[in-house]
Amino acid sequence: MPKLDSYLFREFAQATFAVMVVLMVVSLGGVFADVLGNIARGRVPAGMMLSQLGLQVLNYLPLILPLGLLLGLLLSVGRLYRDSEMPVLTATGVGPRRLLRPVLMLIVPMVLLVAVCSMWLGPWARDYSARMVEAGSRSMLVAGLEAGRFVEIPGGGGVVYVGGMSGDGTQMARVFVYQQDGGRMDVTTSTTGRLNVEADGERYLVLGDGFRVEGPQEDGLDFRLMRFATNELRLPPADHSRDEEDPELMPTLALLDDARPEARAELHFRIAPPLLALGFGLLAVPLARSPPRQSRYGRTMLAFLGYFVGVNLMILGQDWLAEGTIPVGLGLWWLVLPVLALGLWMYFDDGRLRRAPWRRRA
């Protein structure tokens with residue numbers, strides 16, 4: 001490898017890696033907030049927080065990596081112009097087109113990584129996450145119960161308070177349950193409790209040695225008080241069941257044979273990120289050109305705005321395809337191909353020598 005290519009590739013890779021680290025830290029905060037919200041609502045067991053966090057990060061990599069590639073190339077190539085290295089290279093016959101080799105040495109592996117994350121790792125992470133939560137739904141821990149805290153029953157309709165709980169989350173002590181059904185309320189207290197899961201997946205909260213008060217929510221005296229030795233309360237169906245036909249959870253190869261609009265939309269949504277990463281990578285070099293005394297971050301903001309618009313159009317395009325607003329055959333090519341064409345045109349037009357005005361007149 002020529003020394004120039006090695007030097008440029010090292011500069012591009014270091015800047016891109018630094019940007020990736022910053023983007024991952026920022027994105028991790030948002031993903032962590034989403035996972036905590038799901039845990040608080042009882043959708044995810046607290047013991048699965050770290051695993052769910054890692055799987056969610058894999059799911060967002062196809063959106064994070066193209067932005068990191070774009071910003072990394074912008075900053076590194078912009079530094080070459082700012083430190084007058086690029087004018088020196090141009091004076092020796094190394095123009096922007098000569099940068100294509102070290103640029104592609106970074107872009108090609110990044111595009112392949114985005115393709116792997118978008119077409120394989122992302123769907124696998126979503127499917128594995130759904131399987132974990134579905135398997136955990138057979139434990140009371142998935143309901144988000146915690147000793148000494150009121151928790152909404154999964155599916156709505158009431159709250160549960162547990163004074164104490166065993167380590168495996170199946171045995172409880174000092175249980176309070178409040179439920180609503182129509183215009184009536186049901187308050188149940190018991191000394192002990194445990195979770196019972198039937199073969200068909202129905203879940204029952206088996207309470208022992210307690211009282212049950214049932215009556216109207218509004219005005220009225222139609223109350224009933226009962227004492228029981230054992231009482232089974234049917235819990236609402238948990239929303240953790242995994243749909244085998246959900247396109248988001250299906251492998252990419254399975255989507256090729258699925259003619260549903262939702263499946264075709266998901267397929268195009270997985271194909272678009274690596275192609276957009278290629279287009280954004282090529283756009284970074286001409287956008288990084290900065291004459292002396294020009295603002296350093298003006299074009300960076302312009303590139304970030306272009307990425308933001310492109311990603312949002314990709315997400316909207318997936319919804320339009322699934323709803324039938326645009327033809328399935330059109331896919332997301334109306335977005336991907338113009339970005340690629342613009343990136344190729346701007347890259348190979350960058351730094352091209354043009355005739356002087358007096359020569360054109362002659």
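A residue is called buried here when its relative accessible area is under 20%, exposed when that value is over 50%, and partly exposed in between. Keep that in mind as we walk through this structure, which is a predicted model.

Let's try the cut-off out on a salt bridge. D258 and R260 form one, with their closest N and O atoms 2.9 Å apart. D258 has a relative accessible area of 12%, so it counts as buried. R260 comes out at 30%, so this partner is partly exposed.

Now for the nonpolar interior. In soluble globular proteins, nonpolar side chains tend to be buried together. Here, the largest nonpolar core has 53 residues, and F12, L74 and M314 have the most contacts inside it. Plenty of helices chip in: α1 (3-40), α2 (49-82), α3 (85-91), α4, α6, α7 (298-323) and α8 (333-349) each supply at least two residues of this core. The largest share is that of α2, with 12 residues. There's also a second, separate core, made of 11 residues, with M48, L53, L55 and M132 among them.

It's worth zooming in on L74. If you skip its neighbours within four places in sequence, L74 is in contact with A284, L287, A288, R299, T300 and A303.

Next, find A265 in helix α6, which covers residues 261-287. A265 has a relative accessible area of just 1%, so it is buried. What does A265 touch, once residues up to four places away in sequence are left out? Its contacts are Q318, L321 and A322. You can also look across to L332: this residue is 67 residues from A265 along the chain, yet their C-alpha atoms are separated by 8.4 Å.

Let's move on to helix α4, which runs over residues 100-136 and holds Y128. Right beside Y128 in the numbering is S129, also in helix α4. Are these two buried or exposed, or something in between? S129 has 8% relative accessibility, so it counts as buried. Y128, at 39%, falls between the two cut-offs and so counts as partly exposed. Leaving aside neighbours within four places in sequence, S129 is in contact with Q52, L55 and Q56. One of these, L55, is a residue you've already met in the second core.

Y128 has company of another sort. Together with V116, M119, W120 and W124, Y128 forms a nonpolar patch on the surface. The five residues have about 500 Å² of accessible area together. So this part of the tour takes in nonpolar side chains on the surface, even though the general tendency in soluble globular proteins is for such side chains to be buried together.

Time to visit the strands. T188 lies in strand β4, which spans residues 184-197. With 1% relative accessibility, T188 counts as buried, because that is under the 20% cut-off. Its side chain makes a polar contact with the side chain of D186, at 3.1 Å. Beyond residues up to four places away in sequence, T188 touches V175, F176, V177, L207, F211, R212, F228, N231 and L233.

Two names there, D186 and R212, lead straight to another salt bridge. R212 pairs with D186, their closest N and O atoms being 2.5 Å apart. This pair links distant parts of the chain: R212 is in strand β5 and D186 is in strand β4, 26 residues apart. D186 is buried because its relative accessible area is 9%. R212, at 25%, counts as partly exposed. That gives T188 a link to both partners, through a polar contact with the D186 side chain and a contact with R212.

Strand β4 has another salt bridge to show you, this time between R184 and D222. The closest N and O atoms of that pair are 3.4 Å apart. Again, distant parts of the chain are linked: R184 is in strand β4, while D222 sits in the loop between β5 (203-216) and β6 (224-234), 38 residues away. How accessible are the two partners? R184 has a relative accessible area of 26%, and is therefore partly exposed. D222, at 45%, is partly exposed too.

To round off the charged pairs, the structure holds 11 salt bridges. Some of them share partners, and in this way R184, E214, D222 and R224 are joined into one network.

How values were computed. Residues are numbered from 1 along each chain as its sequence is written. This is a predicted model: local features need pLDDT of at least 70, side-chain atom pairs count only at pLDDT 80 or more; totals for chains, interfaces and linings use all residues. Side-chain values use heavy atoms; hydrogens and water are left out. Patches are made of residues with over 30% relative accessible area and no salt bridge: like charges are joined within 9 Å, nonpolar side chains (Val, Leu, Ile, Met, Phe, Trp, Tyr) within 5 Å. Accessible areas come from the Shrake-Rupley method with a 1.4 Å probe; for residues, only the protein chains shown count as cover. A salt bridge is a side-chain nitrogen of Lys or Arg within 4 Å of a carboxyl oxygen of Asp or Glu. Helices (H or I, at least four residues) and strands (E, at least two) are DSSP runs, numbered from the N terminus. Buried means under 20% relative accessible area, exposed over 50%, partly exposed in between (1.4 Å probe, protein chains only). Contact means heavy atoms within 4.5 Å. A polar contact is a pair of N or O atoms within 3.5 Å; within protein, one must be able to donate a hydrogen and the other to accept it, and residues adjacent in sequence count only if both atoms are side-chain atoms. A nonpolar core is a set of buried Ala, Val, Leu, Ile, Met, Phe, Trp, Tyr and Cys residues joined through side-chain atoms within 4.5 Å.
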